[in-house]
Amino acid sequence: MKPVEWVGNSKDDLKAFPRDVTHEIGRVLTVAQAGGKHIKAKPLKGHRGAGVLEIVENYDGDTYRAVYTVRFAGVVYVLHAFQKKAKRRIATPQKELDLIAQRLKVAEEHYKRHHAAKR
């Protein structure tokens, strides 16, 4: 099983979701840890390739999202977890995309320091 690394406050944000949502997102991440891709994991639009994925869970009229990456060999990085507030648009808000891009850079640096040397 690949280890999971949590970037920023993504773990705390995920823990704040309803229990059913955290359970389902946990199932998807477990599949990623085992090297697979769960059917609920979709490439995040705006990121080249399929290395950045999002999980979308609807619960009690609300939408929750978690974004993770498998771009780095042997590690799953959870980049962001948030509740989508807008009810009209499906697209991920730009401020969330900017935060994901920033955290992807943090994950890359972390990987270089802590995991790449072990490969």
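Charge is a good place to start: this predicted model carries 24 positive and 13 negative side chains, and the centres of the two sets lie 4 Å apart. Side chains of opposite charge can pair when their charged atoms come close. Here the structure holds six salt bridges, and we will visit some of them after a look at the fold.

Following the chain from its N terminus, you meet the elements in the order β-α-α-β-β-β-β-α, giving three helices and five strands. The C-alpha trace spans about 45 × 25 × 25 Å along its principal axes. For 119 residues, a compact globule would have a radius of gyration near 14 Å, and the protein agrees, with 14 Å. Buried residues account for 42% of the chain. Of the contacts between residues at least 6 apart in sequence, 52% join residues at least 24 apart.

Now find K40, in the loop between α2 and β2. Its side chain meets that of E24 in a salt bridge (3.3 Å, N to O), and E24 sits in helix α2, 16 residues away in sequence. K40 also forms a salt bridge with E57, where the closest N and O atoms are 2.8 Å apart. E57 lies in strand β3, so this pair ties together parts that are 17 residues apart in sequence. K40 counts as partly exposed because its relative accessibility is 32%, while E24, at 12%, counts as buried. E57 is buried too, at 10%.

Helix α3 offers another pair: K112 and E109 are three residues apart, about one helical turn. Their closest N and O atoms are 3.8 Å apart. K112 is partly exposed at 46%, and E109 is partly exposed at 39%. Elsewhere, salt bridges that share partners join E24, R27, K40 and E57 into one network.

Technical notes: Residues numbered from 1 in each chain as written. Predicted model: local features only at pLDDT ≥ 70, side-chain atom pairs only at ≥ 80, totals over all residues. Heavy atoms only, no water. Helix = DSSP H or I, 4+ residues; strand = E, 2+ residues; numbered from the N terminus. Rg over C-alpha atoms; globule rule 2.2 N^0.38 Å. Buried < 20%, exposed > 50% of the residue type's maximum accessible area, 1.4 Å probe, protein only. Contact = heavy atoms within 4.5 Å. Lys, Arg positive; Asp, Glu negative; His and termini not counted. Charge placed at Lys NZ, Arg CZ, Asp CG, Glu CD. Salt bridge = Lys/Arg side-chain N within 4 Å of Asp/Glu carboxyl O.
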